[in-house]
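Here are some short exercises to work through with the sequence and the model side by side. Try each task yourself before you read the solution.

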Amino acid sequence: MIHARGLARTFRKKKQEVHAVVGVDLDVEAGEIVGFLGPNGAGKTTTLRMLTTLLEPTAGTATVAGCDLITDPVGVRRRIGYVSQSGSTAPEARAGEEVVDHARLYGMSTAEATERGKQLFRELDLDGLWERQPKTMSGGQRRRLDIAVGLIHIPELVFLDEPTTGLDPQARANLWQHISSLREQRGTTVFLTTHYLDEADALCDRILVIDHGAIVAEGTPDQLKSQVGGDVLTVTAADSAQMAGIARLMGMLPGAEAPQLVEDRVIGRVPHGGAALVELVRGLDREGLAVSGIESRRPSLDDVFLGLTGRSLRDAGAAEPAAEVAV
Amino acid sequence: MHTLLRDTWTVFARAMRMSLRNPAWLVISLMQPILYIVLFGPLLEPLSGQLGPGNAYQIFVPGILVQLGIFGALFVGFGLIAEYRAGVIESQRVTPASRTALLLGRVLRDVVVLLVQGTLLVLVSIPLGLRAPFLGVVLTLIVIALLGAAFASVSYALALTLKSEDAFAPLLNAFVLPVLLLSGILLPMTLAPGWLQTVSDVNPLKHVVEGTREFFVGGYDTSTAWWGAALTVVLAVLGWAFGVRRFRRESS
């Protein structure tokens, strides 16, 4: 569905070259839900804008939905849907009219567009909002309206740019369901960007991790997590003076890597969290080290990200926004 | 071609519908030309002897029409910035719709609005004392439709480039005031001292205004009228080309 090789984009800003995307290779098969994960500034939006014909690549080639991105952008546009972060409807317009007008730009008749639009409104729980102005809708409703607009021409491939950013947890979970059902009910291929790990984890068959304008890892959420190796042990020290002692004990566990000290926590990785936990508790007890908390957990995608990029996705979220600004 | 027309119609109908639904916009845009005529026109009546041939309204109404065509159209970009921010422009650009249609449909809406305003302005002036040949009025409305299309395209292109009201507003103000003062729109430049006339001679809009004033007194075959018409066509072609170029470019 998407095959890109060496896709790159360089911007010129005040005589300085900014390499927003340095060379992305990616393949997405029909019917997949693929997550494109990375912090702000990593090149997510730039890549997405290239794949949706909004931005011309400075290098590389790609076929999207069977059409060449460079030589047949109109063919690509006909076959894809794009739901951007910034929305798609005028706040003062009426929802239904925006949907129908959008469909007409794909050559659909008003009658056909109205029928299809109303059906999408039912599927996306937007019943009764056909005449409403988008400015009077809730954030979740507006996002679903954007999705209805993006799907009105029944695209085989849909791009969702940060679909749940700014939504409350309930609206997010609801939107995830709608996104999953796109594939289940119509076999739509979904390519979505996100900087939420739980979103990628819950929704995607496969994840591509982008950092500094290049793909640094790809695989299923489980494959990526198993790259981290083992489970994560976290011990919160009751007395920070004893952290070194706790770290020494944790480091002596079978197969353990050197633990890290983060604030009042000692964090280490071990192959088998359950067994290690028991041994660790015994050791702590023997040496009289006081702890206020202890846990063993499966690695999250955040751990994967930390391992791949040396940055936590949460911390990285705020940093380096410059290159991601829509251009 | 068929797609271009259909897409243009879709974009035009959408823009028109949204304009008509905004009652405040409707009242303000119709009141403005009337205010000019009713509150400023009478000031010129006692001066009409010094202003040249025809009565005060034959001089004043064409000027106000041109002003409407240029400066009304220049401000349409603000609406586009709002649409851009709402994501509408980008969502239209991922459709297979013709890029030209995305501009043309909006410009057509502006031209229709302009023609309605212009016609209203002429009608309101008649009871106040405007006497002008029908053909001259029609030719003038054609001129302002062309000018309006050109300046609306320029406005949209600049808005799409700047994408911010804060950058767009000062740019417009820097342009509008000197051009307005040097175009003889409010008072004919024949009243000006020599140096000021010379400066205003390089302003094509001055010649456009003078041309439409000729139309209003029936001087269709004068060189002033021809110059005005020719410059209008040149401005229309340039403005339109500038707008289309910007809209066709990728990565906007």
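**Exercise 1. Find what the buried residues of helix 3 of chain A pack against.**

Solution. This is a predicted model, so take the answer as one about predicted coordinates.
Step 1: list the buried residues of helix 3 of chain A, which are Ala95(A), Gly96(A), Glu98(A), Val99(A), Val100(A), Asp101(A), His102(A), Ala103(A) and Arg104(A).
Step 2: set that list against the helix as a whole; nine of its 10 residues are buried, and helix 3 of chain A is mostly covered.
Step 3: look for the partners. Within chain A they are helix 4 and helix 5, and chain B adds its helix 1 and helix 6.

**Exercise 2. Work out how many residues each chain brings to the contact between chain A and chain B, and which elements of chain B take part.**

Solution. Step 1: count by chain. Chain A supplies 25 residues and chain B supplies 19 residues.
Step 2: on the side of chain B that touches chain A, two or more residues come from each of helix 1 (2-20), helix 5 (77-85) and helix 6 (88-93) of chain B.
Step 3: pick out the main contributor there, helix 6 of chain B, which gives the most with five residues.
Step 4: sort this side of chain B by residue type, and you get seven charged, six polar and six nonpolar residues.

**Exercise 3. Check the span of helix 4 of chain A, and decide where its buried residues lie around the axis.**

Solution. Step 1: helix 4 of chain A covers residues 110-123, which is 14 residues. At 1.5 Å a residue, with one less than the number of residues counted, the expected span is 20 Å, and the end C-alpha atoms are indeed 20 Å apart, so the two agree.
Step 2: identify the buried residues of this helix: Ala113(A), Gly117(A), Leu120(A) and Phe121(A).
Step 3: look down the axis of helix 4 of chain A. The buried residues fall within an arc of 100°, so they line one face of the helix.
Step 4: turn to the other side of helix 4 of chain A, where Ala111(A), Glu115(A), Gln119(A) and Arg122(A) are exposed.
Step 5: ask what the buried residues meet. They pack against helix 3 (95-104) and helix 5 (139-151) of chain A.

**Exercise 4. Which sign does phi take at Asp125(A) and at Glu162(A), and is each residue buried or partly exposed?**

Solution. Step 1: recall the background, that most residues other than glycine have a negative phi.
Step 2: take Asp125(A), just after helix 4 of chain A, in the loop that runs between helix 4 and helix 5 of chain A. Its phi is near 55°, a positive value in a residue other than glycine.
Step 3: take Glu162(A), in the loop between strand 7 (157-161) and helix 6 (169-186) of chain A. Phi is positive at Glu162(A) too, near 45°.
Step 4: count neighbours. Asp125(A) has 14 other C-beta atoms within 10 Å and is therefore partly exposed. Glu162(A) has 22 and is therefore buried, since 20 or more is the cut-off for burial.

**Exercise 5. Locate Arg106(B), and find which residues it touches.**

Solution. Step 1: place Arg106(B) in helix 7 (residues 99-128) of chain B.
Step 2: judge burial. With 26 other C-beta atoms within 10 Å, Arg106(B) is buried.
Step 3: leave out residues up to four places away in sequence; Arg106(B) then touches Val11(B), Ala15(B) and Tyr156(B).
Step 4: take one of these pairs. Arg106(B) and Ala15(B) are 91 residues apart in sequence, yet 6.3 Å apart in space from C-alpha to C-alpha.

**Exercise 6. Compare the record for chain B with the model over residues 24-44 and 225-244.**

Solution. Step 1: read the record. An unreviewed UniProt entry places "transmembrane region" features on chain B, including residues 24-44 and 225-244.
Step 2: examine residues 24-44 of chain B, which are 100% helix and 0% strand, with end C-alpha atoms 30 Å apart.
Step 3: do likewise for residues 225-244 of chain B, where the span is 100% helix and 0% strand, and the end C-alpha atoms lie 29 Å apart.

**Exercise 7. Describe the overall build of chain A.**

Solution. Step 1: count elements; chain A has 12 helices and 14 strands.
Step 2: divide the chain. The domain assignment gives domain 1 (2-225) and domain 2 (230-298), with C-alpha centres 42 Å apart.
Step 3: add the extent, about 80 × 50 × 35 Å along the principal axes of the C-alpha trace of chain A.
Step 4: finish with burial, as 42% of the 327 residues in chain A are buried.

Definitions and conventions
Residues numbered from 1 in each chain as written. Chains lettered and ligands numbered in written order. Predicted model: local features only at pLDDT ≥ 70, side-chain atom pairs only at ≥ 80, totals over all residues. Contact = placed C-beta atoms within 7 Å. Helix = DSSP H or I, 4+ residues; strand = E, 2+ residues; numbered from the N terminus. Nonpolar A, V, L, I, M, F, W, Y, C, P; charged D, E, K, R; others polar. Buried ≥ 20, exposed ≤ 12 C-beta atoms within 10 Å, placed from the backbone. Arc of directions from axis to C-beta. Domains from an automatic or database assignment. UniProt positions renumbered as here; feature names shortened; annotations may be inferred.
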